[in-house]
Amino acid sequence: MSEDRDLSAYLAEGLGAGEARDALEERVLKTYGYILEDSFKPVRNPDRMVEELIERYKLIVDRKIVTLVMAAFLTGRPVLFEGPPGTGKTEIGEAILSLWAGKPAFVIPCSENYNEYRVIGDFHPLMALRHGFSEESFVPRPLLAALILDAGVLVDEIRRSSEEFQNMLLDIIDKRRIIVPELKRVFRARGEGFQVIFTSNPEDYGQVELSDAFLRRVVRVRFSYPPPELEHKIIKIRYDSGVEISDGLVKKMIDVASLLRKRRVIYRPGTADIVLWARIAGRLARLRGHSVVEVRDVIDAAQIVLYKRIEEEEVVDEALAKVFGV
């Protein structure tokens, strides 16, 4: 498959007949056009998306969540995935956005110093000296690239960004457009592939509260720890260490995580942590020449997965002792 032919045809279709690509759009293709190499037919059916989430990404997602997200997209609303760490918000959001657009989604991890220049674009100093503040010297960033390429955007941990950054996103959310005043240009979404999912952990202290204006513009989907039987299925489907792990051991690992979630510890393990715990236990078993994962492998793996703070190690040990009897 010819990259130049595919990218040219794609953007020509988006620009319309008779319009030429400008320097900025060429730069977007050169920098971010790799996502088009992995493009596929968009998935817009809820049942099919649930199946693809399992087949492509090994993610078990409730059909109700998938349907709510798709309905929000169809009404032009971004989605806020809110819940504790380790519940799959980021991974599920990225996967749904990718399936919806038919190409890999962009992920923007937020921090307090994020601003429009980090996500929309800025001028390269040396190029600006040569060409001035023009399209030739403008360096596009992921949010603008996603809008031009009609791809999804996962804005991770939106509460870690500043209020100014959140407000900057409001016009983009409402109008599905990005204005670059320095270039005197308005970029508009070309199709339905450009959608936005935010993630947030409201229990994380010291973060910026989301404004009423922001919350009015998003559809909120609450995430929580899955019930034990579903968590068991998720761990088994994502376990890939090549050494068998029994259902009994997996159940006990879930019991340990459940105990820690009920305790007032700072770090409460999510499903992703149990998956990692099981994978490392499997790797340990293989390195030790075991044909199956043993209790010793699980206990040793817990020390590098569940120990996060020195002052909480005793709490973890108590939970392990209570469940495994060691």
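Colleague: Why is the pairing of R44 with E192 called a salt bridge?

Modeller: In this predicted model, the closest N and O atoms of R44 and E192 are 3.1 Å apart. The criterion asks for a side-chain nitrogen of Lys or Arg within 4 Å of a carboxyl oxygen of Asp or Glu, so the pair of R44 and E192 qualifies as a salt bridge.

Colleague: What makes R44 and E192 a link between distant parts of the chain?

Modeller: The two residues are 148 residues apart. R44 lies in the loop between α3 (34-37) and α4 (46-57), while E192 lies in the loop between β7 (185-188) and β8.

Colleague: Are R44 and E192 buried or exposed?

Modeller: R44 has a relative accessible area of 35%, and E192 has one of 43%. Buried means under 20% and exposed means over 50%, so R44 is classed as partly exposed and E192 is likewise partly exposed.

Colleague: How do you know that R288 and D297 form a salt bridge, and why is D297 called buried?

Modeller: The closest N and O atoms of R288 and D297 are 2.7 Å apart, and the limit is 4 Å, so the pair is counted as a salt bridge. D297 has 0% relative accessibility, which is under 20%, and is therefore buried. R288, at 30%, falls between the two cut-offs and is therefore partly exposed.

Colleague: Where in the chain are R217 and D174?

Modeller: R217 and D174 form a salt bridge, with their closest N and O atoms 2.7 Å apart. R217 is in the loop between α11 (212-216) and β9, and D174 is in helix α10 (residues 163-175), 43 residues away. D174 is partly exposed, because its 39% relative accessible area is neither under 20% nor over 50%.

Colleague: Which residues are linked in a network of salt bridges?

Modeller: The network links R48, E51, E52, E55 and R56. In total, the structure holds 24 salt bridges.

Colleague: How do you know that β1 and β8 pair?

Modeller: Strands β1 (residues 79-82) and β8 (residues 196-200) are joined by four bridges and run parallel. Pairing requires at least two bridges, so β1 and β8 count as paired. L80 stands opposite F198 in β8.

Colleague: What is the order of the strands in the open sheet, and why do β2 and β9 stand at the edges?

Modeller: The five strands follow the order β2-β5-β8-β1-β9, with parallel pairing. β2 (106-109) and β9 (219-222) each have a single partner strand, so one side of each lacks a neighbour in the sheet. From one strand to the next, the twist averages 20 degrees.

Conventions: Residues numbered from 1 in each chain as written. Predicted model: local features only at pLDDT ≥ 70, side-chain atom pairs only at ≥ 80, totals over all residues. Heavy atoms only, no water. Axes fitted to C-alpha atoms, helices over the stretch in contact; angles between N-to-C directions. Buried < 20%, exposed > 50% of the residue type's maximum accessible area, 1.4 Å probe, protein only.
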